[in-house]
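Biologist: Hey, I've just opened this one for the first time. Can you walk me through it?

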Amino acid sequence: MASVSFRNVEKNFGKFKVIHGISFDITDGEFVVLVGPSGCGKSTLLRMLAGLEPISAGQIGIDETVINDLDAKDRDIAMVFQSYALYPHMTVRDNMGFSLKLRKADKEVTAARVADAARVLNLDALLDRYPRELSGGQRQRVAMGRAIVRDPKVFLFDEPLSNLDAKLRVAMRAEIKALHQRLKTTTVYVTHDQIEAMTMADRIVVMHDGIVEQIGTPLELFDRPGNLFVAQFIGSPAMNVLEGTLKVGADGNWVQAQGQAWPAPRVARGTDGQKVHYGVRPGDLKLVGEGQGVPAKVVVVEPTGAETELLLQVGEARLVVVLHGRTAAQPDETVYLSVDPKCAHLFDGADGRRLD
């Protein structure tokens, strides 16, 4: 196991800069997820850590040793790619042990490590099969097993679940998390799926346009997003955001938006008349009795079983509400919304930063 550090790391492709001076640390045994939209630089950062891309500026370290000039094979890392990249003419056993064979490891050591990895990943009964005889999830487990047998300091995962169907992705998320809990190996995981990030990570690094927007635990990012981008990227369905004007009163604050007064928290940096973005999670909007809250027109009702999603129209804005349970509300009906001020989020109208 090992710690990983990034110090003012930059990456240029010709004159185009894709990574802009990123710095953060990953502690020994931590599971860190790099998440962000396509093109944000997360896979490029992972490939620089792996030694597959040269570093334009800055330093990357593993256990306080700078690895900028080390070849990939000398960094003691193991990487699981989006593509399984298994050798079709080799059995599962041979695929998993191939890296050790290249290192000319003792055959008994190789066999023991393959057996241990197979037991951890429930591949014992599949060791003599070929990749063509496996399902997508089984192939991904073989790719993970190939990484495990190397006993590396750091595991790297580059969107390993994106080729799987939705049900299998959920199962594999749990398997990878359980695997980390057993092995305690430092893990860096790249994904564009914020649900994967929320459910698997010890900490999340949110990236956008080659910079780090915010770093924190999943619940820290969900409860206190540092800016408007993080607020709308983390959480599914996404946070509802309205543009409005902050009003500061003796009895409390509110935001005037879409012709309605929305309860707002007291914030030290907020001033009366300030342009703000008012955010509220879909699960924090509540339905109340007629005339007791903000009126909204029902556009779509989406029952999912345990929950019901409502798409509502307030003025020119559309809001999503997630109800726990079921509702009698129907399209074109008017419902009334209530918001606890403690659950609302305020962001500066100019730079999008959190006001409190």
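Modeller: Sure, we can start with the model itself and then go through its parts.

Biologist: What should I know before reading anything off it?

Modeller: This is a predicted model, so local features need pLDDT of at least 70 and side-chain atom pairs count only at pLDDT 80 or more, while totals for chains, interfaces and linings use all residues. Residues are numbered from 1 along each chain as its sequence is written, and side-chain values use heavy atoms, with hydrogens and water left out.

Biologist: OK, what's the mean pLDDT of the protein?

Modeller: The mean is 91, and 99% of the residues reach 70 or more; pLDDT is the predictor's confidence in each residue, from 0 to 100.

Biologist: And which elements have the lowest and highest mean pLDDT?

Modeller: Helix α5 (residues 166-183) has the lowest at 85, and strand β10 (residues 211-216) the highest at 97. Helices (H or I, at least four residues) and strands (E, at least two) are DSSP runs, numbered from the N terminus.

Biologist: How is the protein divided into domains?

Modeller: Domain 1 covers 4-229 and domain 2 covers 237-348, with bounds from an automatic or database domain assignment. Their C-alpha centres lie 39 Å apart.

Biologist: How many residues are in contact between them?

Modeller: 6 residues of domain 1 are in contact with 6 residues of domain 2, where contact means heavy atoms within 4.5 Å. The area buried between the two domains is about 480 Å², with 74% of it from carbon and sulfur atoms. Buried area is the accessible area (1.4 Å probe) that two parts lose on being put together, summed over both.

Biologist: Which three residues supply the most on the domain 1 side?

Modeller: Phe222, Pro225 and Leu228, which supply 84% of the area that domain 1 buries against domain 2.

Biologist: How many salt bridges are there between the domains?

Modeller: The count there is 0, but a search of the whole structure finds 12. The rule is a side-chain nitrogen of Lys or Arg within 4 Å of a carboxyl oxygen of Asp or Glu.

Biologist: Show me one of the 12?

Modeller: Arg203 forms a salt bridge with Glu30, their closest N and O atoms being 2.5 Å apart. Arg203 lies in strand β9 (residues 203-208) and Glu30 in the loop between β2 (16-26) and β3 (31-35), so the pair ties together parts that are 173 residues apart in sequence.

Biologist: New topic: which peptide bond is cis?

Modeller: The one from Ser236 to Pro237, with omega near 0°. Pro237 is in the loop between α8 (228-233) and β11 (240-249).
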